[in-house]
Amino acid sequence: MLRIPCPKCGEISYTPNVEGFYPCPRCADFFSGKFGLDRRRELRRLERIRLRIYHQGRNYRGETFDVSMTGFGVEMLGSPHFSIHEVLTIDRKRYGISRAKVVWIKKDNQKARFGIETVN
Ligand SMILES: [Zn+2]
């Protein structure tokens with residue numbers, strides 16, 4: 001594990017992957033040990049879209065907190081039974097059904113946030 005300070009707030013976090021982008025545990029900005037703050041973030045819209053998420057016979061309700069060309073940040077209540085690299089089926093009312101891979105996930109007592117990337 002590598003010890004990396006957040007380029008924005010200085011909070012120390014640990015990552016197994018220096019090139020990956022993960023949210024800072026304190027300020028929630030995305031950064032990578034190698035590339036710094038996530039510049040793609042500027043291309044993300046803060047848009048709330050309700051989702052239904054299906055995975056291995058379970059379904060979840062979530063809501064996006066950001067939306068980009070390639071994926072979403074999603075927030076949901078409870079603790080999901082999926083993990084990084086797993087592929088979910090996403091149903092967005094206006095956009096139909098798509099498949100998306102879990103890129104990162106962060107759980108706390110009441111809710112979870114995770115990033116997904118759409119796949120074909
Ligand atoms: Zn930070």
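Which residues make up the largest nonpolar core? I began my notes with this question, keeping in mind that the model is predicted.

**Core.** I found ten residues in the largest nonpolar core, namely Leu51, Ile53, Phe72, Val74, Leu88, Ile90, Ala100, Val102, Phe114 and Ile116. When I looked up where they sit, the elements giving two or more residues to this core were E6, strand E8 (71-77), strand E9 (87-92), E10 and strand E11 (111-119). I also noted a second, separate core of six residues, with Cys6, Phe21, Phe30 and Phe31 among them.

**Domains.** The domain assignment of the chain lists domain 1 as 2-42 and domain 2 as 50-119, and I read a distance of 21 Å between the C-alpha centres of the two.

**Ile90 and Ser98.** Leaving aside neighbours within four places in sequence, I found Ile90 in contact with Leu51, Ile53, Ile97, Ser98 and Ala100. I then turned to Ser98, which lies in strand E10 (residues 96-107) and which, with the same kind of neighbours left aside, is in contact with Ile90 and Thr118. Is Ser98 buried or exposed? I entered Ser98 as partly exposed, because 14 other C-beta atoms lie within 10 Å. I also looked up Asn120, which is 22 residues from Ser98 along the chain, and found their C-alpha atoms separated by 7.8 Å.

**Confidence.** For the chain I noted an average pLDDT of 86, with 96% of the residues scoring at least 70. Confidence is lowest in strand E5 (residues 36-37), at a mean of 82, and highest in strand E6 (residues 50-55), at 94.

Conventions: Residues numbered from 1 in each chain as written. Predicted model: local features only at pLDDT ≥ 70, side-chain atom pairs only at ≥ 80, totals over all residues. pLDDT = per-residue confidence, 0-100. Helix = DSSP H or I, 4+ residues; strand = E, 2+ residues; numbered from the N terminus. Buried ≥ 20, exposed ≤ 12 C-beta atoms within 10 Å, placed from the backbone. Contact = placed C-beta atoms within 7 Å. Domains from an automatic or database assignment. Core = buried A, V, L, I, M, F, W, Y, C linked by C-beta atoms within 7 Å.
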